[in-house]
Structure formats: structure tokens, C-alpha cells
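Let's take a walk through this model together, one stop at a time. Keep the structure open beside you as you read.

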Amino acid sequence: MADVDEKLRSFSENEDVAGTPPVTTPKLDQHGFPLRPQPSDDPKDPLNWNRWLKLFTLLQVSFLAFLGPFTQAYINSAYAPLAASLHITIVEASYQTTIAIVLAGVSPILWSPISNVYGRRPIFIFISAIGIVAHAAAGAAQSWGGILAARAFVGIGTSAGMGIGAAVVADMYFMHERGTYMGIYTVFVTNGAHVAAVAGGFTAKNIGWRWCYWIPAIVVAANWLINLFCLPETLYHRNPLTGQTLQPSRSWFQLFNFTGVHVQRRLRLWDITHVFVMLKYPSVVLPTVYYSISFGLGSVLFAVTGSAAFGSIYHFNTAQVGMAIGLSTFVGTLLGELLAGPVSDRVLYLYTKSHAGVPKPEARLQATWPGLVILPAGVIIEGVCFQYKTHWSGPVMGMGIAAFGLQIVQTNIFAYMTDCYKPQSAEISTLLNFGRQTFSFTLGFYMIPFATATTYGVAWSVLAVLDAVLYLGIVLLMWRGREWRERMGPPNFDRDI
């Protein structure tokens with residue numbers, strides 16, 4: 001029993017709680033290793049839910065995350081007709097996506113501390129309601145200023161799934177299975193903009209650019225109704241070392257209304273800073289920087305430059321541009337996930353098995369090595385094909401390869417960071433979203449001018465090399481990550497989540 005106690009206390013999620021009694025009867029996974037975190041005996045504990053309820057909840061939250069980039073980017077293929085209708089330039093038309101992206105990255109800084117106190121469900125329901133109104137307002141607006149204002153609220157109203165969605169995954173799944181289920185979540189996050197490129201192009205071509213606002217409004221509204229009745233609360237207070245319940249019992253009905261959380265403390269203004277406090281930890285800041293650049297290269301770069309590149313080089317129309325970008329990246333991410341989540345969990349298991357049942361989150365980072373090569377290679381392939389005006393299948397293949405590599409990277413990064421600091425998973429999810437959105441929105445301003453001043457091959461290669469260099473931070477974590485975490489200790493907030 002002393003060995004089991006030592007295994008749990010050496011657990012790298014840093015979930016120690018002051019005054020923890022000795023571990024007596026730890027619950028084990030299918031391999032005979034202690035579950036991390038330890039679940040309570042309460043059947044309403046999300047860790048104890050039926051696997052189908054977990055999966056249904058995961059899909060709802062993942063689809064919310066999908067709707068963020070999907071609804072923000074749905075209009076991208078219609079910049080030209082919109083600009084002509086409102087007598088603005090195409091560059092000005094792109095600002096509506098930029099402002100939505102920025103606010104979708106910033107606003108979850110507020111949602112994270114609120115969700116840690118009052119629950120995840122209220123945030124998803126109330127913020128999505130803002131999104132419905134904002135999309136409808138954009139569709140009805142008759143002036144460019146009105147559209148911009150509405151699109152700002154679109155960013156706010158579609159940010160919850162992107163900002164705190166990963167925290168729900170961590171709420172429901174144990175450490176040894178997070179790679180697989182976090183991978184499902186990240187597939188949805190990545191593919192929102194990819195699917196929008198296909199659907200938005202056909203919408204603009206066949207029924208007009210205003211429907212690029214109305215269709216997202218309808219989709220968000222329909223999803224909101226499903227969430228209102230079917231999305232349960234996943235926030236739960238327990239001692240993660242022993243599984244001791246730290247909240248009163250709740251009914252199943254309470255999980256599906258707004259009384260499913262026992263509020264343990266009052267929200268404080270200082271709680272907003274918790275997101276930024278996490279940046280002092282190397283296991284947070286280094287992966288966040290690397291992931292932010294990787295996501296920009298493996299996803300957003302293609303979305304913000306595809307119309308100009310494919311239009312000028314291959315004379316594609318809006319529907320063709322959407323299909324070229326959307327289908328290649330969609331297929332790439334799906335195939336990439338086959339070598340991401342399941343492989344990540346397998347690598348962690350093999351490490352745990354060979355180290356007397358004691359896991360180390362850094363083991364997951366070994367599964368990112370293929371992404372180091374594949375992601376930059378795909379970006380360079382697209383750039384070189386644009387430069388030499390090869391057959392259109394060349395850049396399309398490059399985008400698919402890059403998306404494949406991105407999926408390997410992001411699934412492992414999300415799983416690794418929530419393994420390290422599970423109680424702070426909302427802050428981690430928010431930081432990853434903030435970094436991703438902040439870097440991504442800048443690409444539209446300088447990548448086409450950069451390619452014009454040099455060449456597509458040079459411009460794309462510069463970013464690919466930058467991404468590869470930043471991988472050195474991941475290598476450092478493989479080497480020293482555990483040592484740094486143990487030396488710095490865990491954050492001193494939200495340890496019972």
C-alpha cells in the first residue's frame with residue numbers, strides 16, 4: 001500500500017490538497033495502475049459517468065468549439081461580393097473576420113475564472129445566446145459599421161467552446177485516456193474554418209453573401225437548443241488524490257439546469273489573472289508558444305491566403321477555393337488524429353508500465369516528433385508549388401500534409417498541458433486559445449505582401465523554419481520538464497477541481 005500511496009503522491013498533475021488523509025483504497029485503471037485523478041464514489045461525478053454520456057457531452061462541447069472558427073470564417077469566401085455591395089475594398093472586408101478572431105481569443109480570459117466558480121454550463125449557454133443575436137444582427141445590418149460591430153460580438157458569442165472546451169475534456173476523462181478524447185476535441189477545433197471554406201463558398205455563389213451570416217445564426221441557434229436541454233454540468237469538486245467528494249450530492253436534474261454546481265467561494269477580480277499566472281511555468285509557456293505558431297501555419301495560413309493565391313495563380317472561383325482549402329485540410333486532420341490521440345495514450349502507457357506505474361506527462365511529447373517534420377514540410381510544399389505555379393494538386397497536397405502534422409502536434413500539446421496541471425485546465429485551454437487566435441489574426445496582414453516582396457516559397461519557408469526552431473522548447477521539456485515542475489510546485493488555486 002505504501003507503494004501505491006507513493007505512486008499517487010508523485011502524480012505529475014500536481015493535484016495535492018492540504019490536509020490529505022492517507023490513501024487507503026485507490027481505484028485502478030484496466031492496467032492495474034492508480035487512476036489519475038482518483039474519482040469519488042458519487043455516480044454524478046463526471047469521472048464516473050456512463051461512457052455514452054461522456055461521449056455525448058464531449059461531442060456537444062467539441063461542436064461548440066467547431067462553431068467558433070466555422071462561423072467566424074464562413075464569410076471569408078464572400079469577401080469580393082460583399083466588398084462590391086458595400087463599396088469597400090477586399091482588405092477592408094477581411095477586417096470583419098479579424099475582429100471576430102481577436103475577441104474570440106481575448107474574451108475567454110473572463111469565462112475561465114467564472115467557469116471555475118459557477119460552472120461550465122452557464123458559460124456555454126449564455127455566451128452562445130450572444131452569438132445567436134450577433135450573427136442575426138450581422139445578417140440584418142445595412143452598413144459596414146453595423147456589420148463590424150455585430151462581428152465583434154460574433155467573436156465573443158462563439159468563444160466559449162474554443163476557450164474552455166478542453167477543461168470539459170479534463171473534467172470527464174482520466175489521464176491515461178485524455179490523448180484519445182482530447183484528440184476528438186481538437187479535430188473539431190481545427191476543422192471549423194476548413195468546413196466553412198467549403199460551405200461558405202457555395203453559399204456566397206448560389207444564394208448571396210448575406211446568407212453567410214444567416215446560416216451560421218441558424219446553426220448556432222439550433223445547437224443552443226440542444227445544449228440547453230442536453231448539456232450537463234461537468235465541474236466537480238473532489239480531492240484528486242483520494243477521490244473524497246468536496247461538495248454536496250446533486251441530482252441528475254440539477255446537472256441539466258443551472259444549480260448543478262455547489263459554489264465553494266466568491267468570484268474575485270484577481271481570478272482573471274490566473275490565466276497569466278500560468279505563464280510562469282515552462283510546461284505551459286513553451287508549448288503555448290509552439291502550438292500558437294503551429295496552428296497558424298497548419299490551418300489559418302491557408303484560410304487567409306488561399307483566396308488570393310488560388311485566385312491569382314489558378315483562377316479559382318470562391319467555391320473552388322473553398323474546396324481546395326477545406327477538403328485537403330479536413331482529410332489531413334482526420335488522418336493525423338489516427339497517429340495522435342491513440343498513439344499519445346499508448347506512449348504514456350508504455351512509459352508508465354516501465355516505471356513502476358508512475359506516469360510522466362513528458363512521455364506524451366515523444367509522440368510529437370513526426371509533427372516536427374511533417375507540418376513544416378507541408379507548408380514549404382505549398383509555398384514552393386505556388387512559386388513555381390505547379391498543378392493545383394501540389395499546394396492542395398501541401399495543405400493536407402501540414403494539417404496532418406498539425407493534428408499530431410496539437411493533440412499531444414493539449415493532453416500534455418492538462419496532464420501537468422489538470423486543476424488549471426480552464427486556464428490552460430484559455431491560454432492555448434488566446435495564443436492561437438492572437439497569432440492567427442496577424443497572418444492576413446503580412447503574408448501575401450511578404451510573398452509578393454520575396455516569393456511564396458521564401459515566405460512560407462521562413463515561417464516553417466521558425467516553427468521548427470520553436471520545437472526546441474518541446475525538446476527542453478522532454479529533458480527537464482518534470483524537474484522544473486517539481487521545483488516550482490503546483491499553482492495555489494483551484495486545486496480541488
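In which loop does lysine 389 lie? Before we look, please keep in mind that this is a predicted model. Lysine 389 sits in the loop that runs between helix H18 (369-387) and H19. Its phi is near 50°, a positive value in a residue other than glycine. Most residues other than glycine have a negative phi, and most peptide bonds are trans. Lysine 389 counts as exposed because its relative accessibility is 61%, and exposed means over 50%.

A second residue of this kind is worth a visit. Alanine 356 is not a glycine, yet it has a positive phi of about 55°. You will find alanine 356 in the loop between H16 and helix H17 (362-365). With a relative accessible area of 54%, alanine 356 is exposed. For an unusual peptide bond, turn to the loop between helix H1 (2-9) and H2, where proline 37 is found. The bond leading from arginine 36 to proline 37 is cis, and its omega is near -5°.

Now for the way helices pack. Two packed helices are described by the angle between their axes and the distance between the axes. Take helix H14 (residues 282-314) and helix H19 (residues 393-420): they pack at an angle of about 160°, and their axes are 9 Å apart. H14 is therefore roughly antiparallel to H19, since angles over 145 degrees count that way. The crossing of H14 past H19 is left-handed. What kinds of residue form the contact of H14 with H19? They divide into 20 nonpolar, six polar and no charged.

Helix H10 (residues 178-207) and helix H16 (residues 341-354) make another pair, with axes that come within 7 Å and cross at roughly 160°. That angle makes H10 roughly antiparallel to H16. Here H10 passes H16 in a right-handed crossing. On the H10 side the contact is made by Arg178, Gly179 and Thr180, and on the H16 side by Gly341, Pro342, Ser344 and Asp345. These contact residues of H10 and H16 comprise one nonpolar, four polar and two charged.

Next, look at helix H6 (residues 108-118), which is mostly covered, with eight of its eleven residues buried. Pro108, Ile109, Trp111, Ser112, Pro113, Ser115, Asn116 and Val117 are the buried ones. What do these buried residues pack against? Their partners are helix H5 (95-106), H7, helix H8 (144-157), helix H9 (160-172), helix H13 (274-277) and helix H20 (425-453). After H6 comes glycine 119, with a positive phi near 110°.

Proline 108 gives a close-up of H6, the helix in which it is placed. It counts as buried because its relative accessibility is 0%. Outside its neighbours within four places in sequence, proline 108 is in contact with Leu103, Ser159, Gly163, Thr430 and Asn433. Proline 108 and isoleucine 156 are 48 residues apart in sequence, while their C-alpha atoms are 8.2 Å apart in space.

From there, move to glycine 157 in helix H8. At 4% relative accessibility, glycine 157 is buried. It touches Ile127, Ser128, Ile130 and Gly131, leaving out residues up to four places away in sequence. Between the C-alpha atoms of glycine 157 and isoleucine 132, 25 residues apart along the chain, the separation is 7.4 Å.

Our last stop brings two residues together. Arginine 121 lies in helix H7 (residues 120-140). Is arginine 121 buried or exposed? It counts as buried, because its relative accessibility is 2%. A polar atom of the arginine 121 side chain lies 2.7 Å from the backbone oxygen of leucine 228, and the backbone oxygen of leucine 231 lies 2.6 Å from a polar atom of that side chain. Beyond residues up to four places away in sequence, the residues that arginine 121 touches include Asn227, Glu233 and Phe256.

Glutamine 60, in helix H2 (residues 51-73), also reaches Asn227. The side chains of glutamine 60 and asparagine 227 make a polar contact at 3.1 Å. Glutamine 60 is buried, with 5% relative accessibility. Leu231 is listed among the contacts of glutamine 60 and among those of arginine 121.

Definitions and conventions. Residues are numbered from 1 along each chain as its sequence is written. This is a predicted model: local features need pLDDT of at least 70, side-chain atom pairs count only at pLDDT 80 or more; totals for chains, interfaces and linings use all residues. Side-chain values use heavy atoms; hydrogens and water are left out. Axes are lines fitted to C-alpha atoms, for helices over the stretch in contact, and angles run from 0 to 180 degrees between N-to-C directions. Helices (H or I, at least four residues) and strands (E, at least two) are DSSP runs, numbered from the N terminus. Angles under 35 degrees count as roughly parallel, over 145 as roughly antiparallel, 65 to 115 as roughly perpendicular and the rest as oblique. A crossing is left-handed if the near helix is turned anticlockwise from the far one by less than a right angle, and right-handed if clockwise. Contact means heavy atoms within 4.5 Å. Ala, Val, Leu, Ile, Met, Phe, Trp, Tyr, Cys and Pro count as nonpolar, Asp, Glu, Lys and Arg as charged, and the others, Gly among them, as polar. Buried means under 20% relative accessible area, exposed over 50%, partly exposed in between (1.4 Å probe, protein chains only). A polar contact is a pair of N or O atoms within 3.5 Å; within protein, one must be able to donate a hydrogen and the other to accept it, and residues adjacent in sequence count only if both atoms are side-chain atoms.
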